[in-house]
Amino acid sequence: MNAQERREEILETLKCAGSPLTASALASTYDVSRQIIVGDISILRASGHPIEATSRGYVMDPQREEFPYIGTIVCKHDQKGMEAELNAVVDNGGTVIDVIIDHAVYGELTGKLDIASRYDVSVFVERMSGEDRPLSTLSGGIHMHRIGCKDEVTFRRIKDDIGKLGMLVEE
């Protein structure tokens, strides 16, 4: 299989995948290195294909289904508070779409998260316990999350619980 054929198959695989796929998993499927897959994904993205990199892997068309309600919260906590904050969102039926910080040099930086369950939270927290650090470490702990929910009532419940944790920054 040549590179173009592999890229076409990667597109089909991502379109049919029910969950994010890591570069390592794709590399194993196509018997190439992870770096080759990262390059393939970059080429596909540059060609206009809507492939997004999330903390759990690559997804095709991340807007797979619009949330009926998306709200934004501003939080502040250290790395130890991250798990409690994320669990407060998913326990109340929300999905953490992304994290956004305002960086003094680069301006607004956004990281896709797509965290919708306690399992997703545990995987993310585990990744952040090694050498990787959350974006909020660049902004003194202050960050925003866009949260997808079924309705505004769900969002308000999430916001209230994060407020009870003492992490909510009032707007």
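Trainee: Which order do the four strands of the open sheet have, and how are they paired?

Mentor: The model is a predicted one. In it, the open sheet of four strands is ordered E3-E6-E4-E5, and the pairing is antiparallel. E3 and E5 are the edge strands, each pairing on one side only. On average, neighbouring strands in this sheet are turned by 20° against each other, with direction ignored.

Trainee: How many helices and strands are there in the protein, and what pattern do they follow along the sequence?

Mentor: The protein has six helices and six strands. Along the sequence they follow the pattern α-α-α-β-β-β-α-β-β-α-β-α. The C-alpha trace spans about 55 × 35 × 30 Å along the principal axes.

Trainee: Let us turn to the strand pairings. How many bridges join E4 to E5?

Mentor: Strand E4, residues 95-103, is joined to strand E5, residues 107-115, by seven bridges, and the two run antiparallel. The connection from E4 to E5 is a hairpin through three residues. As one example of the register, aspartate 102 has glutamate 108 in E5 as its bridge partner.

Trainee: How many bridges does E4 form with E6, and which residue of E6 stands opposite valine 96?

Mentor: Five bridges join E4 to strand E6, residues 142-149, and these strands also run antiparallel. The residue opposite valine 96 is isoleucine 147 of E6.

Trainee: The helices come next. What describes two packed helices?

Mentor: Two numbers are used: the angle between the axes and the distance between the axes. Here, helix H4, residues 82-91, packs with helix H5, residues 118-128, at an angle of about 160°, and the axes are 9 Å apart. H4 and H5 are therefore roughly antiparallel to each other. Their crossing is right-handed.

Trainee: Which residues make the contact of H4 with H5?

Mentor: H4 contributes Met82, Glu83, Leu86, Asn87, Val90 and Asp91, while H5 contributes Arg118, Val121, Phe124, Val125 and Met128. By class, the residues of this contact are seven nonpolar, one polar and three charged.

Trainee: At what angle do the axes of H4 and H6 cross?

Mentor: They cross at roughly 155°, and the axes come within 9 Å. An angle over 145 degrees counts as roughly antiparallel, and H4 and H6 are therefore roughly antiparallel to each other. H4 passes H6 in a right-handed crossing. The contact is formed by Glu85, Ala88 and Val89 of H4 with Ile158, Asp161 and Ile162 of H6. The contact of H4 with H6 comprises four nonpolar residues, no polar residues and two charged residues.

Trainee: Across which strands does H6 lie?

Mentor: H6 lies across E3 and E6, and its direction is at about 10° to E3.

Trainee: Finally, what describes a pair of aromatic rings?

Mentor: Such a pair is described by the distance of the centres and the angle of the planes. A search of the whole structure finds one aromatic pair. Tyrosine 69 and phenylalanine 155 form this pair, with 5.7 Å centre to centre and 45° between the planes, a tilted arrangement.

Trainee: Why does this pair tie together parts that are 86 residues apart in sequence?

Mentor: The reason lies in where the two rings sit: tyrosine 69 belongs to strand E3, residues 69-76, and phenylalanine 155 to helix H6, residues 152-164, so the pair ties those parts together. The helix concerned, H6, is also the one that lies across E3 and E6.

Notes. Residues are numbered from 1 along each chain as its sequence is written. This is a predicted model: local features need pLDDT of at least 70, side-chain atom pairs count only at pLDDT 80 or more; totals for chains, interfaces and linings use all residues. Side-chain values use heavy atoms; hydrogens and water are left out. Two strands pair if DSSP finds at least two bridges between them. Axes are lines fitted to C-alpha atoms, for helices over the stretch in contact, and angles run from 0 to 180 degrees between N-to-C directions. Angles under 35 degrees count as roughly parallel, over 145 as roughly antiparallel, 65 to 115 as roughly perpendicular and the rest as oblique. A crossing is left-handed if the near helix is turned anticlockwise from the far one by less than a right angle, and right-handed if clockwise. Contact means heavy atoms within 4.5 Å. Ala, Val, Leu, Ile, Met, Phe, Trp, Tyr, Cys and Pro count as nonpolar, Asp, Glu, Lys and Arg as charged, and the others, Gly among them, as polar. Rings of Phe, Tyr and Trp (its six-membered ring) pair if their centres lie within 6.5 Å; planes under 30 degrees apart count as stacked, over 60 as edge-to-face and the rest as tilted.
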